[in-house]
Amino acid sequence: MVATGYDTPYGAFCRPLQFLRTHLWVGSCANVGCPSAMQDGAACLLRRHLSHPELSAALSAAERKVFTDAYKRLTSRDPKYAWTSGQWMTERTGGSDVSLTETAATYQPEGAIGFACKQGEIPLGPWSINGFKWFSSATDSEMTVLLARTAAGGLSTFLAPMRKYDPEATTLTGEPKDDGKALNGVRIQRLKNKFGTQSLPTAELVLDNMRGWMVGREGRGIHEISTILTLTRVHSAVAAVGGVGRGLGIARAYALVRDVGGGGRKRMRLVDSPLHMRTLAKISAEYRRLMLVTFYTSYVLGVSEHSLDARPSPALDALTPQKKLVEPLLRIMSQLAKAYVCKPSVALLFSCMEALGGVGYLVNEEQEYLNISRIYRDTCVLPIWEGTTDVLCTDLVRAMKHARGGADSLAALDEVVRKAWGFEGRTGRPAGWEPVEKWAALKSKIEGTEQADLMGEAREVVWQLGDILASVLLYVDAGTDGNLVAKEVFLRFVEDKFGVERRARGSTEDELNKDLAIVYGHGGD
Ligand code: UCC
Ligand code: FAD
């Protein structure tokens with residue numbers, strides 16, 4: 001799955017392709033999406049250091065060898081050779097705010113031994129890392145990227161392999177020397193008991209002379225690891241819509257077979273119930289909106305990595321800012337997608353669960369892996385890890401107010417909202433839908449308010465921005481091919497959120513037919 005984002009010949013579209021595959025996979029992948037996401041982030045970080053002329057020139061021969069080997073493994077399609085990665089940031093002192101990180105790294109090149117190859121061939125890492133990491137998912141990954149404090153002050157980012165080559169060693173669990181690969185100074189203190197993501201080991205780890213390599217400049221740890229955060233936040237949003245997509249699939253199937261009512265009331269198949277179909281149509285419409293925000297973000301990620309020489313369609317042209325504004329747009333979109341998509345997805349999955357009645361709630365061992373309740377519990381973590389919703393909102397406000405990048409981020413959003421609104425497609429612009437004016441008002445509020453004063457309403461700011469972007473994405477989506485479902489979903493959203501006058505309700509049968517089209521997807525003209 002990760003390799004799709006690196007070795008396929010689709011340029012900017014390799015990311016949407018990768019994430020469409022991930023979206024389909026996520027509901028049944030036993031949470032390997034978590035190590036995959038961190039693997040993807042680590043690959044992206046190492047690619048930057050290996051390919052950027054200045055960063056690459058700063059690498060020593062040993063660093064280049066280690067980074068190249070890790071990068072090849074992180075993007076490999078061969079399961080025997082491929083690596084996944086962890087990402088260790090959280091400590092007992094804080095996960096949202098890592099400034100009190102206690103894990104310390106000391107430069108001690110002597111005594112470093114080889115890893116994953118014969119002793120001495122590649123030093124295991126000149127830094128000795130000691131401390132305690134409080135939440136470490138994908139503990140069974142082959143490497144990790146972590147934050148630690150150095151004597152010079154500030155946090156730095158390190159790459160550390162999980163195993164070292166030591167023919168005399170026993171494994172952590174005391175098993176005899178297997179293949180000669182002992183853990184690299186890591187001890188599992190305990191595995192966390194969790195509400196969800198049961199198939200994913202999350203551990204508390206004691207680091208005792210873990211050997212590693214510094215990535216990037218000393219003291220710039222947050223900058224370095226933010227490359228990973230960008231990727232894992234997109235993955236989180238994709239996992240959220242993937243979960244909802246699966247939940248909806250099950251709810252749709254159930255509605256085709258479950259009969260309800262009886263006694264004094266008419267007995268009917270759920271699919272014939274106007275109320276049940278209205279409920280599923282609301283979930284489906286929200287899913288469609290969140291999908292657009294998520295996959296637009298994946299497209300922006302792709303464009304940030306590959307130049308887009310020929311614009312593939314007028315619709316995409318309308319959504320693509322000028323080249324120099326792509327990075328600033330990604331800075332916004334990766335946080336926005338994670339916050340705006342993950343949070344409502346939990347409620348949407350709950351609604352899918354409810355759509356199955358009591359069956360939806362069952363968690364006995366056999367049902368668990370077929371049913372929505374497991375996906376629901378796995379989805380609940382998405383608004384928490386990789387930055388809680390409020391933390392992402394505060395970061396987004398800081399990014400938009402940033403002395404250097406803030407103006408470009410606002411300019412990027414400005415360009416996208418205006419161009420998308422100006423898109424001449426097959427759907428008209430309903431009176432009262434004024435995203436350009438709404439965005440202008442929000443932008444001048446952001447520009448004209450002190451950062452500290454904006455923080456209390458950071459979530460409202462982000463949701464207003466999310467709604468504006470979602471509305472133009474829905475508009476362009478509806479306008480590209482005249483799809484009736486796309487148009488209906490767009491109109492319902494702007495009636496709900498933009499004060500567009502509601503259309504008169506049709507007959508019960510007409511409304512049911514529209515809802516059925518939204519739920520089961522018969523909308524083409
Ligand atoms: O939870 C975790 C793993 C779980 C499993 C992963 C699965 C993935 C999905 C799978 C789906 C199935 S790992 C732990 C994740 N932890 C977090 O996400 C931490 C949340 N907290 C934040 O994001 C905070 O905003 C911090 C830690 C980044 C804030 O730290 P500081 O020290 O207060 O730093 P600043 O001042 O906010 O940022 C320092 C610099 C600034 O630039 P300059 O120096 O130019 O002013 C920021 O603009 O770093 C820049 N920066 C960023 N740049 C900060 N955040 C970002 C960013 N996201 N992108 C680009
Ligand atoms: P806190 O930061 O204490 O947050 C508590 C509350 O305070 C939250 O509601 C938050 O929104 C709010 N808050 C915090 N700061 C602010 C602020 N500035 N303004 C307003 N509100 C604020 N971490 C890793 O490093 N690696 C992993 O592999 C990993 N795996 C995880 C797996 C699971 C299953 C879980 C649940 C967590 C995992 N984490 C991992 C940890 C996760 O990233 C953190 O829990 C998360 O970032 C929140 O940090 P915290 O737990 O310290 O909460």
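**Two ligands and one helix, talked through**

Mentor: Let's start with ligand 2: sorted by class, its shell has 7 nonpolar, 9 polar and 3 charged residues. Keep in mind that this is a predicted model.

Trainee: What makes a residue part of the shell around ligand 2?

Mentor: A heavy atom within 4 Å of the ligand is what counts. For ligand 2 that gives 19 residues, and the closest are Gln87, Thr90, Ser96, Ser137 and Thr388.

Trainee: Why is the pairing of Ser137 with ligand 2 called a polar contact?

Mentor: The cut-off is 3.5 Å between N or O atoms. A backbone N or O atom of Ser137 lies 2.7 Å from an oxygen atom of ligand 2, so the pair qualifies. Gly95 also uses a backbone N or O atom, 2.8 Å from an oxygen atom of ligand 2. Phe135 does it with a backbone N or O atom 2.9 Å from a nitrogen atom of that ligand.

Trainee: How much of ligand 2 does the protein cover?

Mentor: On its own ligand 2 has 970 Å² of accessible area, and the protein covers 63% of it. β1 (85-88), β3 (127-137) and α13 each give two or more residues to the shell, with β3 giving the most, 3 residues.

Trainee: And ligand 1: what makes the approach of Gln335 a polar contact?

Mentor: Same test, with 3.5 Å as the limit. A polar side-chain atom of Gln335 lies 3.3 Å from a nitrogen atom of ligand 1, so it passes. His223 brings a polar side-chain atom to 2.7 Å from an oxygen atom of ligand 1. Glu386 takes part through a backbone N or O atom, 3.1 Å from an oxygen atom. Taken alone ligand 1 exposes 1200 Å², and the protein buries 80% of that.

Trainee: Which helix gives the most to the shell around ligand 1?

Mentor: That's α6, with 9 residues. The shell itself has 9 nonpolar, 12 polar and 6 charged residues.

Trainee: Now α15. How do you know that its length fits a helix?

Mentor: Helix α15 has 14 residues, and at 1.5 Å a residue you'd expect 20 Å. From first C-alpha to last, α15 reaches 19 Å, close to that.

Trainee: Which residues of α15 are called buried, and why are they said to be on the same side?

Mentor: Buried means under 20% relative accessible area, and Pro435, Val436, Trp439, Leu442, Lys443 and Ile446 are in that class. They cover an arc of only 130° around the axis, which puts them on the same side of α15.

Key:
Residues numbered from 1 in each chain as written. Chains lettered and ligands numbered in written order. Predicted model: local features only at pLDDT ≥ 70, side-chain atom pairs only at ≥ 80, totals over all residues. Heavy atoms only, no water. Polar contact = N/O pair within 3.5 Å; in protein donor to acceptor, adjacent residues only side chain to side chain. Areas by Shrake-Rupley, 256 points an atom, 1.4 Å probe, with all protein chains shown as cover. Helix = DSSP H or I, 4+ residues; strand = E, 2+ residues; numbered from the N terminus. Nonpolar A, V, L, I, M, F, W, Y, C, P; charged D, E, K, R; others polar. Expected span 1.5 Å × (residues − 1). Buried < 20%, exposed > 50% of the residue type's maximum accessible area, 1.4 Å probe, protein only. Arc of directions from axis to C-beta.
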